[in-house]
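Work through these exercises with the structure open beside you. Try each task before you read its solution.

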Amino acid sequence: MMPSNRFFTEAQRELLTAALNRIIPPEGPLPGAGDLGLVDFVEGVVDRDTRLRRLFNDGIAQIGIVAARRQGKEFSRLSEAAMAATLQEVEASLPEFFEALVRQTYNGYYTSPRIFQLI
């Protein structure tokens, strides 16, 4: 059962984790953004802003729709190349969402104490 303090569903969290790992993939000792657990960070930002809630709900839904249409699979089950192509299509169709997603990914990643220690 999902805790009541979560905004994203489990399916949205899984998709977002995979997307975050494509935006900042793991490299050497550095974890990918999704593996770092940044879904919680993004969720905290989104949960405080009604406009961002709608933007992220629509954007996450669009990622899922594009993945299913292009590959017939859930986004998190796609190859890295198919994930990248899916995100590029979503970036072109929903640039405001994609910009907010990238901004929050970088904000969360580069303010993480774990990343500070590793770099």
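Four exercises with worked solutions follow.

This is a predicted model, in which local features need pLDDT of at least 70, side-chain atom pairs count only at pLDDT 80 or more, and totals for chains, interfaces and linings use all residues. Residues are numbered from 1 along each chain as its sequence is written, and side-chain values use heavy atoms, with hydrogens and water left out.

**Exercise 1. Check the span of helix α5 (residues 95-110).**

Step 1. Helices are DSSP runs of H or I with at least four residues, numbered from the N terminus.
Step 2. The expected span is 1.5 Å times one less than the number of residues.
Step 3. For the 16 residues of α5 this should give 22 Å, and the end C-alpha atoms are 22 Å apart, so the two agree.

**Exercise 2. Find which side of α5 is buried.**

Step 1. Use the cut-offs: buried is under 20% relative accessible area, exposed is over 50%, and partly exposed is in between (1.4 Å probe, protein chains only).
Step 2. List the buried residues of α5: F97, F98, A100, L101, Q104, T105, G108 and Y109.
Step 3. They cover an arc of only 160 degrees around the axis, which puts them on the same side of α5. The arc is taken from the directions from the helix axis to the C-beta atoms.
Step 4. Recall the geometry: an α-helix has 3.6 residues a turn, so residues three or four places apart point the same way.
Step 5. Look for the partners: the buried residues of α5 pack against α1, α2, α3, α4 and α6. Contact means heavy atoms within 4.5 Å.

**Exercise 3. Trace the salt bridges of R13.**

Step 1. A salt bridge is a side-chain nitrogen of Lys or Arg within 4 Å of a carboxyl oxygen of Asp or Glu. The structure holds 10 of them.
Step 2. D40 and R13 meet at 2.5 Å, N to O. D40 lies in helix α2 and R13 in helix α1, so the pair ties together parts 27 residues apart in sequence.
Step 3. E43 also bridges to R13, with the closest N and O atoms 2.8 Å apart. This pair is 30 residues apart.
Step 4. Compare burial: R13 is buried at 10%, E43 is buried at 6%, and D40 is partly exposed at 45%.

**Exercise 4. Describe the salt bridge between R54 and D58.**

Step 1. Their side chains meet at 3.8 Å, N to O.
Step 2. Both lie in helix α3, 4 residues apart, which means about one helical turn separates them.
Step 3. R54 counts as exposed at 61%, while D58 is partly exposed at 39%.

Technical notes
Helix = DSSP H or I, 4+ residues; strand = E, 2+ residues; numbered from the N terminus.
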